[in-house]
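Reader: I'm new to this one and I'd like to know where its labels come from. Could you take me through them?

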Amino acid sequence: HIDTAVGTRSENTKRVIWDRQTTIKAFGPDEIYVGEAGFDDYLAYVFTSRQLVVLESVRKDNAIYVFGLDWKRVSQLSKGEIVRGGLQTARIVHSKGWKAQLARLMSQTRAA
């Protein structure tokens, strides 16, 4: 899915997108889905024992969204509705330190 999504983008953009996906996958998700509705350009990494789903885009200029296991319902809303309503568990912008933020979040919800 990622190869198809990044298709004709620059090599730098491809590296960035693959690095982001690999970083999340290193935490050992139980399942991976392609997002729906406003998140159809995201992959959903499901961490059942942590009760979290991490959505990461296959596009360069989007943030990570973290939800509970009700992510399918919530992801049907627009990103604006989600942010305004505070419906996300976390929103991590890809700026300096984003990997540390994600690691902190994952360690706070350590698998049982």
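Author: Happy to. Let's begin with one cut-off: a residue is buried under 20% relative accessible area, exposed over 50%, and partly exposed in between. Also keep in mind that this is a predicted model.

Reader: What makes threonine 89 partly exposed?

Author: Its relative accessibility is 47%. Buried needs under 20% and exposed needs over 50%, so threonine 89 counts as partly exposed. You'll find threonine 89 in the loop between helix H4 (79–85) and E5.

Reader: Which residues does threonine 89 touch, not counting those up to four places away in sequence?

Author: Threonine 89 touches Leu52, Val66, Phe67 and Gly68. The C-alpha atoms of threonine 89 and tyrosine 65 are 7.7 Å apart, with the two positions 24 residues apart along the chain.

Reader: Is alanine 63 buried or exposed, and how do you know?

Author: Alanine 63 has 6% relative accessibility. The limit for buried is under 20%, so alanine 63 counts as buried. Alanine 63 sits in the loop between E3 and E4. Leaving aside neighbours within four places in sequence, its contacts are Tyr42, Leu55, Arg91, Ile92, Val93 and His94. With valine 93, the C-alpha atoms are separated by 4.6 Å, although the two are 30 residues apart along the chain.

Reader: Why are aspartate 19 and lysine 99 called a salt bridge?

Author: The test is a side-chain nitrogen of Lys or Arg within 4 Å of a carboxyl oxygen of Asp or Glu. For aspartate 19 and lysine 99 the closest N and O atoms are 3.0 Å apart, and 3.0 Å is within 4 Å, so the pair passes.

Reader: What does that pair tie together?

Author: Aspartate 19 lies in helix H2 (residues 11–25) and lysine 99 in helix H5, so the salt bridge ties together parts that are 80 residues apart in sequence. Aspartate 19 is partly exposed, at 35% relative accessible area. Lysine 99 counts as partly exposed too, at 36%.

Reader: How many salt bridges does the structure hold?

Author: There are 2 salt bridges. Arginine 73 and aspartate 70 also meet in one, at 2.8 Å from N to O. That distance is within 4 Å, so the label fits here too. Arginine 73 has a relative accessible area of 55%, which makes it exposed, while aspartate 70, at 35%, is partly exposed.

Reader: How do you know that arginine 50 has no salt bridge?

Author: The nearest side chain of opposite charge is aspartate 30, and it is 7.2 Å away. A salt bridge has to be within 4 Å, so this pair doesn't qualify. Arginine 50 is buried all the same. Its side chain does reach the backbone oxygen of methionine 106 at 3.3 Å. A polar contact is allowed within 3.5 Å, so that distance fits the limit. Arginine 50 lies in the loop between E2 and E3.

Reader: What is said about the phi of glutamine 51?

Author: Glutamine 51 has a positive phi of about 60°, although it is not a glycine. Most residues other than glycine have a negative phi. Glutamine 51 is found in the loop between E2 and E3, and at 48% relative accessibility it counts as partly exposed.

Reader: What makes a group of residues a nonpolar core?

Author: The members are buried residues of listed types, such as Val and Ile, joined through side-chain atoms within 4.5 Å. The largest such core here has 15 residues, and Ile24, Val54, Ile64 and Val66 have the most contacts inside it. Strands E2 (42–47), E3 (52–57), E4 (64–67) and E5 (90–92), along with helix H5 (98–108), each supply at least two residues of this core. H5 gives the most, with 4 residues. Apart from that core lies another, of 12 residues, among them Tyr42, Trp71, Val74 and Ile82.

Reader: Which residues is isoleucine 24 in contact with, leaving aside neighbours within four places in sequence?

Author: Isoleucine 24 is in contact with Pro29, Tyr45, Phe47, Val54, Glu56, Ile64 and Leu102.

Reader: And how many helices and strands does the protein chain have?

Author: The protein chain has 5 helices and 5 strands, following the pattern α-α-β-β-β-β-α-α-β-α along the sequence. Of its 112 residues, 40% count as buried.

Definitions and conventions
Residues are numbered from 1 along each chain as its sequence is written. This is a predicted model: local features need pLDDT of at least 70, side-chain atom pairs count only at pLDDT 80 or more; totals for chains, interfaces and linings use all residues. Side-chain values use heavy atoms; hydrogens and water are left out. Buried means under 20% relative accessible area, exposed over 50%, partly exposed in between (1.4 Å probe, protein chains only). Contact means heavy atoms within 4.5 Å. Lys and Arg count as positive and Asp and Glu as negative; His and the chain ends are not counted. A polar contact is a pair of N or O atoms within 3.5 Å; within protein, one must be able to donate a hydrogen and the other to accept it, and residues adjacent in sequence count only if both atoms are side-chain atoms.
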